[in-house]
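Visitor: Please pick one small part of this structure and take me through it slowly, then outwards into its surroundings. I work with cut-offs every day, so do give me yours as you go.

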Amino acid sequence: MLVFYPEKCTGCRICMIVCGFHFTRSLCPSVSSIEPVRFESIGETATIKLYKEDEGKHRGCDLCEGEKGYLCIEFCSGNAIVWSEKN
Ligand code: SF4
Ligand code: SF4
């Protein structure tokens, strides 16, 4: 399972870009399964939301089916996402 450390999140939103790319093969972060929820005024991430099912524009996370790895983990600039076998 994906495990999140919001205190390490820089707010770069690269995770949203790569996740959107996974689903659309284009620049479409709005469909991302992952979404950092930020307090921009104080520069902190409150939580990192994972959509497990389709919701609005967001696609449910399919754990990067067909990719060589988990793109959000691979590209996260803050090491704020890790994989854990525990659930
Ligand atoms: S594992 Fe893949 S599909 Fe799931 S949130 Fe991360 S980038 Fe998106
Ligand atoms: S890529 Fe990592 S550091 Fe950047 S917004 Fe997403 S979770 Fe935060």
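**A proline in a loop, and what lies around it**

Guide: Let us start at Pro6, which sits in the loop that runs from strand 1 (2-4) to helix 1. Helices and strands here are DSSP runs counted from the N terminus, with at least four residues of H or I for a helix and at least two of E for a strand. Please keep in mind that this is a predicted model, in which local features need pLDDT of at least 70 and side-chain atom pairs count only at pLDDT 80 or more, while totals for chains, interfaces and linings use all residues. Residues are numbered from 1 along each chain as its sequence is written, and chains are lettered from A and ligands numbered from 1 in the order in which they are written.

Pro6 has 17 other C-beta atoms within 10 Å, so this residue counts as partly exposed (20 or more would be buried and 12 or fewer exposed, with C-beta atoms placed from the backbone). Setting aside neighbours within four places in sequence, Pro6 is in contact with Thr45, Ala46, Thr47, Ile48 and Ala80; contact asks for such C-beta atoms within 7 Å. Pro36 is 30 residues away along the chain, yet the C-alpha atoms of Pro6 and Pro36 are separated by 7.8 Å.

Thr47 leads us to a hairpin. This residue, in strand 3, is the bridge partner of Val37. Strand 2 and strand 3 (residues 44-50) pair in the antiparallel sense over 6 bridges, where pairing requires at least two DSSP bridges. The hairpin has 4 residues between its strands, and Gly43 takes a positive phi near 65 degrees there.

On the other side of the Pro6 loop comes helix 1 (14-24). Its buried residues are Cys15, Met16, Val18, Cys19, Gly20 and His22, and their cover includes strand 2 (34-39), helix 2 and strand 4 (81-83). Cys15, for one, touches Ile34, Cys72, Phe75, Cys76 and Ile81, leaving out residues up to four places away in sequence. Just past the helix, Arg25 has a positive phi of about 60 degrees.

The largest nonpolar core has 13 residues, and those touching the most other members are Cys15, Cys19, Ile34, Cys72, Ala80 and Ile81. Helix 1 contributes the largest share of this core, 4 residues. (A core joins buried Ala, Val, Leu, Ile, Met, Phe, Trp, Tyr and Cys through C-beta atoms within 7 Å.)

Helix 1 also brings us to ligand 1, since it gives the most to that shell, with 3 residues. Among the residues around ligand 1 are Val18, Cys19, His22, Cys61, Cys64 and Cys72, a residue being near if its C-beta atom lies within 6 Å. By class, that shell holds 9 nonpolar, 2 polar and 1 charged. Ligand 2 is surrounded by 14 residues, the closest being Cys9, Cys12, Cys15, Cys76 and Gly78.

Stepping back, the chain follows the pattern β-α-β-β-α-β along the sequence. Its radius of gyration is 12 Å, close to the 12 Å of the globule rule for 87 residues, so the chain is as compact as a globular protein of that length (C-alpha atoms, with the rule being 2.2 Å times the residue number to the power 0.38). Buried residues make up 25% of the chain. Of the contacts between residues at least 6 apart in sequence, 53% join residues at least 24 apart.

Methods. Ala, Val, Leu, Ile, Met, Phe, Trp, Tyr, Cys and Pro count as nonpolar, Asp, Glu, Lys and Arg as charged, and the others, Gly among them, as polar. Two residues are in contact if their C-beta atoms, placed from the backbone, lie within 7 Å.
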